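Hello,

Here is the structure I promised to pass on to you. Have a look at it first, and then read my notes below with the picture open beside you.

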Amino acid sequence: MYLTYEEYQARGGTLTEALYNRYEMRAEKLINARTFGRVKSDDHVRDCVKALVYELVTQLQQSGIMEDTAQVSSYSNDGVNVTYASRTRTEVDSDMRELIEEYLYGETDARGCPLLALGVRYVPR
């Protein structure tokens, strides 16, 4: 586990522990896929990875992708109008890839090997 539940809560996380564990596992798998396991093979978890896990878990929570629920994007009281965010899985996946590149660009493991795969370059917007 890259970010413990206690560390997640200390950063302001609000999920239950059971739900957090599901999201954290998904975030960990995304990171491992993008880094070809370089983070997993490192001796300790770097702060940038912990911050990234928190951001990915938050992204997963807000998107509702794992629960097939959509977040309310606007709500009107008198006419009772509710608008749900309609982000596709592709859009959410793209945002998560951008987060991974943003947080891990230029970072290396204990041996000095870049965490991101060759050819992956973060270009700020």
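Let me begin with one residue, glutamate 101: its relative accessibility is 14%, so it counts as buried, the limit being under 20%. Please keep in mind as you read that this is a predicted model.

What does this glutamate pair with? Glutamate 101 forms a salt bridge with arginine 34, and the closest N and O atoms are 2.4 Å apart. Arginine 34 belongs to helix 2 and glutamate 101 to helix 4, so the pair ties together parts that lie 67 residues apart in sequence. In space, the C-alpha atoms of arginine 34 and glutamate 101 are 8.7 Å apart. The two side chains are also joined by a polar contact of 2.4 Å. Unlike its buried partner, arginine 34 is partly exposed, because its relative accessible area is 25%.

**The chain as a whole**

With that pair in mind, you can step back and look at the overall layout. The protein chain has 125 residues, and buried residues make up 36% of them. Its secondary structure comes to 4 helices and 2 strands. Starting at the N terminus, the order of the elements is α-α-α-β-β-α.

How much area does the chain expose? The figure is about 7700 Å², and carbon and sulfur atoms supply 48% of it. As for contacts between residues at least 6 apart in sequence, 63% of them join residues at least 24 apart.

**The other salt bridges**

How many salt bridges does a search of the whole structure find? The search finds 4. One of them you have met already, between arginine 34 and glutamate 101.

Another brings together the side chains of arginine 26 and aspartate 93, at 3.9 Å from N to O. Arginine 26 sits in helix 2 and aspartate 93 in helix 4, so this pair, too, ties together parts that are 67 residues apart in sequence. Arginine 26 counts as partly exposed, with 23% relative accessibility. Aspartate 93 counts as partly exposed as well, at 22%.

There is also a salt bridge between the side chains of aspartate 109 and arginine 111, at 2.9 Å from N to O. Are these two residues buried or exposed? Aspartate 109 is buried, because its relative accessibility is 4%. Arginine 111 is exposed, because its relative accessible area is 68%.

**A closer look at helix 2**

Helix 2 has come up a few times, and it makes a good place to practise. It covers residues 17-35. You can check its length yourself: at 1.5 Å a residue, its 19 residues should span 27 Å, and the end C-alpha atoms are 26 Å apart, which agrees. After helix 2 comes phenylalanine 36, whose phi is positive, near 55°.

Which residues of helix 2 are buried? They are Tyr20, Tyr23, Glu24, Ala27, Glu28, Ile31, Asn32 and Thr35. Helix 1, helix 3 and helix 4 are among the parts that cover them.

Asparagine 32 is a nice one to click on. This asparagine is buried, because its relative accessible area is 14%. Apart from its neighbours within four places in sequence, asparagine 32 is in contact with Tyr2, Gly37 and Lys40.

Next to it in the list is isoleucine 31. Not counting residues up to four places away in sequence, isoleucine 31 touches Tyr2, Val39, Leu52, Val53, Leu56, Ile100 and Leu104. Tyr2 is therefore a residue that both asparagine 32 and isoleucine 31 touch, as you can see from the contacts of asparagine 32, which is buried at 14%.

**The nonpolar core**

Last of all, what lies inside? The largest nonpolar core holds 25 residues, and those that touch the most other members are Tyr8, Tyr20, Ile31, Val53, Leu56, Val57 and Leu104. At least two residues of this core come from each of helix 1 (5-10), helix 2, helix 3 (47-63) and helix 4 (89-104). Helix 3 gives the most, with 8 residues.

If you would like a route through the picture, start at the bridge between arginine 34 and glutamate 101, move along to asparagine 32 in helix 2, and finish at Ile31 in the core.

Happy exploring, and do write back with any questions!

Best wishes

Methods: Residues numbered from 1 in each chain as written. Predicted model: local features only at pLDDT ≥ 70, side-chain atom pairs only at ≥ 80, totals over all residues. Heavy atoms only, no water. Buried < 20%, exposed > 50% of the residue type's maximum accessible area, 1.4 Å probe, protein only. Contact = heavy atoms within 4.5 Å. Areas by Shrake-Rupley, 256 points an atom, 1.4 Å probe, with all protein chains shown as cover. Core = buried A, V, L, I, M, F, W, Y, C linked by side-chain atoms within 4.5 Å. Polar contact = N/O pair within 3.5 Å; in protein donor to acceptor, adjacent residues only side chain to side chain. Expected span 1.5 Å × (residues − 1).
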